[in-house]
Amino acid sequence: MAAPGDIPALFCDAMLANLAHWLRAAGYDTGLASVSAMDRAVLDACHAQSRLLVTRDRHLAAHAGRGIRVALLTVDGLDAQARELTMALGIDWGRAPFTRCLLDNTPLHEATPDERAQIPPLARSLSGPFQACPACGRVYWPGSHMRRMRARLERWRAGSWAE
């Protein structure tokens, strides 16, 4: 099992978009293939960006070739996939929660006053942190959705995998 700091940047194929979302929520640099991406484009991106390919596609994994590390998942269901990836790579689901944009993977920064103005009025009274994505402009705040996500990440970190 790799130490959390030893885990390279990841790249999920399109069928693992939900898992990619959760890896980003945990703070992992996780690229995601578009639904229309051809296998060669996925492999080229992994090679060019030195990313570990996370896939359920045996054909894609078999054609990865030299220089591309692959984590081939064999299970269905998000919790089972999270468990399998944790066992394979040593994923720490509490690594750096909510430090990356869930949509585009960009590292977040503290929201400016102008960015905070985009937050719904009732959420502005929360204690924070308030973060924003410099690439897409999305603003994040610690509402109930984030609390539910944090609870799932903490469950996974503790080794509890039931959905």
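## Backbone conformation

S50 is situated in the loop between helix 2 (39-48) and strand 3 (52-55). The model described in this report is predicted. The phi angle of S50 is near 50°, a positive value in a residue other than glycine. With a relative accessible area of 58%, S50 counts as exposed, because this value lies over the 50% cut-off.

A positive phi of about 80° is also found at N105, which is not a glycine. This residue belongs to the loop between helix 4 and strand 5. N105 is buried, because its relative accessible area of 8% is under the 20% cut-off. Most residues other than glycine have a negative phi, and most peptide bonds are trans. A cis peptide bond nevertheless occurs between G128 and P129, with omega at about 5°. P129 is part of the loop between helix 5 (113-116) and strand 6 (131-132).

## Aromatic contacts

How many aromatic pairs does a search of the whole structure find? The search returns two. A pair of aromatic rings is described by the distance of the centres and the angle of the planes. For W93 and W156, the ring centres are 4.7 Å apart and the planes meet at 65°; because an angle over 60 degrees counts as edge-to-face, the pair falls in that class. The pair links distant parts of the chain, its members being 63 residues apart. W93 is located in the loop between helix 4 (78-89) and strand 5 (109-110), whereas W156 is in helix 6 (residues 144-157). Both W93 and W156 are buried. Together with W22, these two tryptophans form one aromatic cluster.

## Arginine over aromatic faces

Which arginine lies over the face of W22, a member of the aromatic cluster? The residue is R152, placed at 5.2 Å from the ring centre. A second arrangement of this kind involves Y28: R95 lies over the face of this ring, at 4.5 Å from its centre.

## The largest pocket

The largest pocket holds about 200 Å³ of space. Its lining consists of F98, L102, R138, V139, Y140, W141, G143, H145, M146 and M149. By class, seven of these residues are nonpolar, two are polar and one is charged.

Which element gives the most to this lining? Helix 6 does, with three residues. Strand 7 (139-140) and helix 6 each supply at least two residues of the lining. Helix 6 is also the element that carries W156 of the edge-to-face pair.

## H59 and its separation from R100

H59 is a residue of helix 3 (residues 58-62). Its relative accessibility is 48%; because this lies between the 20% and 50% cut-offs, H59 counts as partly exposed. Along the chain, H59 and R100 are 41 residues apart, and their C-alpha atoms are separated by 30 Å.

## Confidence of the model

The average pLDDT of the protein is 92, and 96% of the residues score at least 70. Among the elements of the protein, strand 1 (residues 10-12) has the highest mean pLDDT, at 98. The lowest mean among the elements, 93, belongs to helix 6, the element that gives the most to the lining of the largest pocket.

Definitions and conventions. Residues numbered from 1 in each chain as written. Predicted model: local features only at pLDDT ≥ 70, side-chain atom pairs only at ≥ 80, totals over all residues. Heavy atoms only, no water. Phe/Tyr/Trp six-rings, centres within 6.5 Å; stacked < 30°, edge-to-face > 60°. Helix = DSSP H or I, 4+ residues; strand = E, 2+ residues; numbered from the N terminus. Buried < 20%, exposed > 50% of the residue type's maximum accessible area, 1.4 Å probe, protein only. Lys NZ or Arg CZ within 6 Å of the ring centre and 35° of its normal. pLDDT = per-residue confidence, 0-100. 1 Å grid on protein atoms, 1.4 Å probe; cavity = no way out; pocket = protein on both sides within 12 Å on 5 of 7 lines; lining within 4 Å. Points joined across faces, edges and corners; volume = space filled by probe spheres on them. Nonpolar A, V, L, I, M, F, W, Y, C, P; charged D, E, K, R; others polar.
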